[in-house]
Amino acid sequence: MLTYNQDQFIAQTIESILMQKTSFNFQLVIGEDCSSDSTRLICEHYALEYPDKVKLLPALEENIGLIANYMRTIRECNGKYIAICDGDDYWIDEFKLQKQVDFLEAHSDYSIIYSGYNKLYPDGTLKKAVLSFTQPESSFSDLIYDNYIASVTVLFRNDKSLSKLPNWITKLPYGDWPTYLWLIKDKGKIHFLNEVTAVYRMGIGVSSSIIKYNSVLLKVNLRILNFMLNDANFKSKEALIRTVILGKMKSLMISYNREKKYLKGLKQLKINFTKNENKAALIKLYLYSIYKNFV
């Protein structure tokens with residue numbers, strides 16, 4: 001659990017973890033990032049009340065940021081499996097951990113399991129999940145295109161490779177998607193648990209500013225993909241990564257035009273020219289993305 005200045009949410013979040021009913025022991029590892037509000041005090045209260053369940057990492061002298069806090073916290077997790085629940089989200093199924101662990105225990109060829117979730121908006125509106133269109137099984141070749149795994153719902157194997165997460169992750173604004181891809185780059189499938197287990201708060205935190213504009217999200221994801229392309233550990237996936245990068249570059253051009261950032265769209269078209277052989281199709285796509293803004 002990562003948290004920073006979330007004193008209005010953190011108690012509910014922690015309680016949703018502690019309510020879990022399991023046949024095994026589990027530990028909540030909290031990385032609190034030098035909050036300026038009472039978040040730390042609330043976390044300390046739970047760490048004192050539940051010393052066998054809550055491990056609060058040492059206080060920091062200054063705020064280190066989300067990704068650095070993520071890296072230090074995940075390295076403190078020593079259980080067989082790791083689940084993520086940030087300090088502003090919460091679980092609503094008291095058997096979430098049990099269901100997910102049971103599945104991975106019974107299916108050694110799977111490395112990750114996730115589920116559906118409800119979205120809670122700042123005005124109090126709760127949008128319930130639609131589950132029927134999600135495939136029960138996926139893999140690296142699916143996840144590489146987009147991160148469809150909400151971190152508040154995930155559970156994955158604490159594989160020994162996680163201790164060797166690449167340093168380039170520290171240069172990113174978030175680490176969950178790269179972590180999943182790193183974990184299954186050589187083997188391991190993904191399972192979707194067709195149930196709603198959690199609530200994700202919308203419009204809060206670092207991710208909200210990234211997903212506000214699709215072009216910003218695409219730029220971050222392109223950066224991740226290029227890091228992977230230049231990482232020898234992903235050598236066997238090189239052809240697939242290159243294909244995805246080309247697609248994302250076209251999507252970025254389209255997004256700029258849809259956001260009426262036409263100069264950036266034109267610059268991206270020029271960049272895309274150097275990477276695509278079918279220039280006529282690329283120009284047609286570029287012009288169509290502008291045309292759509294006026295009809």
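Lys235 is exposed in this predicted model, at a relative accessibility of 56%. Its side chain meets that of Glu238 in a salt bridge, with 2.9 Å from N to O. Glu238, by contrast, is partly exposed, its relative accessible area being 22%. Side chains of opposite charge can pair when their charged atoms come close.

How many salt bridges does the model contain in total by the rule applied here? The count comes to 14. Another of these pairs is formed by the side chains of Lys80 and Glu105, with an N to O distance of 2.6 Å. Lys80 belongs to the loop between helix 3 (66-74) and strand 4 (81-83), whereas Glu105 belongs to helix 4 (residues 96-106), so this salt bridge ties together parts that lie 25 residues apart in sequence. Lys80 is exposed, with a relative accessible area of 54%, and Glu105 is partly exposed at 45%.

A further salt bridge joins Asp186 and Lys185, whose closest N and O atoms are 3.7 Å apart. The two partners differ in their surroundings: Asp186 is exposed, with a relative accessible area of 60%, while Lys185 counts as buried at 7% relative accessibility. Salt bridges also link Glu32, Arg40 and Glu44 in a network.

Attention may now turn to the nonpolar interior. In soluble globular proteins, nonpolar side chains tend to be buried together. The largest nonpolar core of this model holds 44 residues, and the members that touch the most others are Ile112, Phe156 and Met228. Several elements give two or more residues to this core, namely helix 3, strand 6 (110-120), helix 5 (140-143), helix 6 (176-183), strand 10 (189-201), helix 8 (214-229) and helix 9 (238-258). Helix 8 supplies the largest share, with 7 residues. Which residues does Met228 touch, if those up to four places away in sequence are not counted? They are Phe140, Ile144, Trp168, Leu181, Phe234 and Ile241. A second core of 29 residues is separate from this one, and Ile10, Leu104, Ala198 and Tyr200 are included in it.

Burial is not confined to nonpolar residues, as Gln100 shows with its relative accessible area of 0%. Gln100 is found in helix 4, the helix that also carries Glu105. Leaving aside residues up to four places away in sequence, Gln100 touches Ile113, Tyr114, Ser115, Thr153, Val154, Leu155 and Leu193. Glu105 in helix 4 is partly exposed, whereas Gln100 is buried.

The next topic is the packing of two helices. Two packed helices are described by the angle between their axes and the distance between the axes. Helix 10 (residues 262-273) packs with helix 11 (residues 279-291) at an angle of about 170°, and their axes are 11 Å apart. Angles over 145 degrees count as roughly antiparallel, and helix 10 and helix 11 are therefore roughly antiparallel to each other. On the side of helix 10, the contact involves Tyr262, Gly265, Leu266, Leu269, Asn272 and Phe273. These meet Lys279, Leu282, Ile283, Tyr286 and Ile290 of helix 11. By class, the contact has 8 nonpolar, 2 polar and 1 charged residues.

The loops provide the remaining details. The loop between helix 9 and helix 10 contains Lys260, which has a positive phi of about 60° although it is not a glycine. Lys260 counts as exposed, at 57% relative accessibility. Another positive phi in a residue other than glycine is that of Asn5, with a value near 50°. Asn5 lies in the loop between strand 1 (2-3) and helix 1 (10-18). Is Asn5 buried, exposed or partly exposed? With a relative accessible area of 26%, Asn5 is partly exposed.

Lys128, finally, has its place in the loop between strand 7 (126-127) and strand 8 (137-138). Lys128 is exposed, with a relative accessible area of 62%. Along the chain, Lys128 and Gly116 are 12 residues apart, and their C-alpha atoms are separated by 9.1 Å.

How values were computed
Residues numbered from 1 in each chain as written. Predicted model: local features only at pLDDT ≥ 70, side-chain atom pairs only at ≥ 80, totals over all residues. Heavy atoms only, no water. Salt bridge = Lys/Arg side-chain N within 4 Å of Asp/Glu carboxyl O. Helix = DSSP H or I, 4+ residues; strand = E, 2+ residues; numbered from the N terminus. Buried < 20%, exposed > 50% of the residue type's maximum accessible area, 1.4 Å probe, protein only. Axes fitted to C-alpha atoms, helices over the stretch in contact; angles between N-to-C directions. Parallel < 35°, antiparallel > 145°, perpendicular 65-115°, else oblique. Contact = heavy atoms within 4.5 Å. Nonpolar A, V, L, I, M, F, W, Y, C, P; charged D, E, K, R; others polar. Core = buried A, V, L, I, M, F, W, Y, C linked by side-chain atoms within 4.5 Å.
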